[in-house]
Amino acid sequence: MKSYFLNRPDEKTLDRDVLILPFAQTTIDGQKKALPLFSIELPSPIADAIDLILRNKAFQGDLEELFVHHIHLPIDRRILFVGLGSLEDDSFIDDTRASFAKAMKFLKKERNVRSVSLCMPKDSRNKNALFQAVFEGVGFGLYAFRKYMTKNTLSSTEDLFEEIYYITDDIPVASEIEARSSIVLSAITSVRDLVNMNACEATPQALAAASLELTKIPGIEVSCYDSTWIRNQKMGLVQAVGQGAANTPMFVVIDWKGATSDRTVFIGKGVTYDTGGLNIKPTGSMETMRADMAGAAALIGLMNAVGHLKLPIWITAVLPLVENAVDANSMRPGDVYVSRKGTTVEIGNTDAEGRLILADAMDYAVTDLNPARIIDVATLTGASEVALGTQISALFSNNNLIAEAIERASIVSGEPIHRLPLYKKYFSLLKSDFADMKNVTGTRVGGAINAALFLEHFIGKTAWAHLDIAGPSYLKDGKGIYGPGATSIPMRTLLAYCDELAVRKI
Ligand code: BES
Ligand code: ZN
Ligand code: ZN
């Protein structure tokens with residue numbers, strides 16, 4: 001799809017298949033009314049039609065309300081009214097993103113839409129954020145994972161449109177924000193594609209190859225290490241998780257050195273498929289486990305975006321990549337393994353594998369990368385989803401400044417998070433009779449906290465935050481701006497965090 005910018009409707013606007021118009025909602029004398037959010041003059045047949053529709057209250061500008069009007073000019077064209085809800089709502093920016101995503105989802109299903117015009121909404125308070133929300137909404141709404149769809153299905157490429165004309169009275173700002181948004185959106189698409197892909201394709205080797213692609217961006221360096229290096233590093237926990245799989249483990253380090261000091265290390269759980277291991281998952285819990293590398297994928301996307309945006313910060317992504325398979329060589333419940341840190345770990349449950357690979361990756365980051373702070377992202381526990389549902393990620397941190405910075409970033413991105421406690425007294429539940437620690441507590445309660453406490457042991461004193469994205473990183477049915485499948489959460493939050501890092505070091 002190609003984007004163009006116009007500062008007023010050109011003579012061709014009416015030739016395009018659909019004209020998209022945004023409206024907010026106001027209440028006048030207790031009556032809800034749609035308020036046009038565009039300032040351009042429309043030709044009279046269209047302006048008259050809009051007047052009539054608004055007077056009849058056929059469309060009231062409700063959040064995510066859509067209304068299609070067919071007009072004959074002298075050929076048939078469609079006008080799509082998009083409701084953004086109340087301007088006064090705190091969530092207006094998020095609502096705008098959601099409304100445009102819904103409009104695009106709608107248009108994807110319409111026949112004969114090749115070319116559209118879109119009037120940008122106006123709101124003098126926060127133009128940049130509003131424009132960004134529009135472009136993101138359009139990008140999210142248009143995303144579809146079609147890799148395994150053969151040509152003749154409804155959602156194949158043929159119904160997606162080719163060009164979009166943005167009409168705005170501020171072309172310089174709109175095109176600048178669009179340029180940034182398209183960098184971010186292509187990173188997001190790469191994340192969602194990697195997560196949605198078959199686990200037999202998105203193997204540790206394939207994720208390493210996808211990471212290597214980032215070296216095309218000047219300034220990004222990628223190191224891909226194989227199982228021999230992992231053994232030499234004494235990463236006994238990464239090895240243990242990966243030893244049952246035909247696709248052997250990989251360990252990837254991606255570096256962007258846009259500043260010479262103050263290094264932030266991100267670590268992403270990259271379990272390319274989680275069968276649960278010998279503690280095999282039941283039907284109903286395994287079907288989505290190709291998405292158990294969503295943390296690693298989000299970091300590949302983050303590095304892609306930060307490299308293209310050339311942010312003046314030093315960040316490094318560390319990706320332990322393994323498949324948790326069932327096999328004669330699989331680690332067994334009751335086995336004890338030695339971690340890179342030296343702590344011995346009894347495997348109480350082979351399905352608690354994410355914390356094992358993260359533990360070795362964290363120890364590597366702490367001892368070898370001299371990080372100012374570490375942030376890990378992981379589809380770590382079903383318990384976090386039980387606690388917070390499918391839309392909210394769990395945040396844990398041993399440092400209030402980092403936690404608060406991530407909370408701010410989450411408000412900017414519109415990807416909700418909620419902080420849970422690293423409650424020290426639960427740590428004793430991880431005691432083992434045969435090793436220094438166990439990887440599970442033996443009870444289901446407090447599962448997200450217990451997993452975070454396990455990780456904290458391997459972080460030591462380093463400032464650290466942990467995001468448990470088990471719920472929101474993948475949505476079976478889709479919701480809001482997301483279709484079914486991968487969401488790219490928390491990539492946009494981490495990018496907003498990096499934007500803040502570029503200004504102050506927290
Ligand atoms: N990958 C899962 C967590 C998960 C669950 C991610 C649902 C996405 C959606 C993780 O490896 C796991 O299986 N955790 C166990 C831990 C338990 C054995 C202590 C869990 O959550 O049940
Ligand atoms: Zn598991
Ligand atoms: Zn897992």
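A nitrogen atom of ligand 1 lies 3.5 Å from a polar backbone atom of Leu 380. A polar contact here is a pair of N or O atoms within 3.5 Å. The model is predicted: local features need pLDDT of at least 70, side-chain atom pairs count only at pLDDT 80 or more, and totals for chains, interfaces and linings use all residues. Residues are numbered from 1 along each chain as its sequence is written, and side-chain values use heavy atoms, without hydrogens or water.

**Ligand 1: contacts**
- A polar backbone atom of Thr 379 is 3.4 Å from a nitrogen atom of ligand 1.
- An oxygen atom of ligand 1 has a polar side-chain atom of Asp 274 at 2.9 Å.
- Alone, ligand 1 exposes 520 Å², and the protein buries 76% of that (Shrake-Rupley method, 1.4 Å probe).

**Ligand 1: surroundings**
- There are 16 residues around ligand 1 (a heavy atom within 4 Å).
- Lys 281, Asp 292, Asp 351, Glu 353 and Gly 382 come nearest.
- This shell holds eight charged, four polar and four nonpolar residues (Asp, Glu, Lys and Arg count as charged; Gly is among the polar).

**Zinc sites**
- Asp 274 (OD), Asp 351 (O), Asp 351 (OD) and Glu 353 (OE) are the protein donors of the zinc ion (ligand 2), 2.0 to 2.2 Å from it (donors are N, O and S atoms within 2.8 Å of the metal, or 3.2 Å for Na, K and Ca).
- Along the chain, the donors of ligand 2 follow the spacing D-x76-D-x1-E.
- Asp 274 also bridges the zinc ions ligand 2 and ligand 3, which lie 3.2 Å apart.

Methods: Chains are lettered from A and ligands numbered from 1 in the order in which they are written. A polar contact is a pair of N or O atoms within 3.5 Å; within protein, one must be able to donate a hydrogen and the other to accept it, and residues adjacent in sequence count only if both atoms are side-chain atoms.
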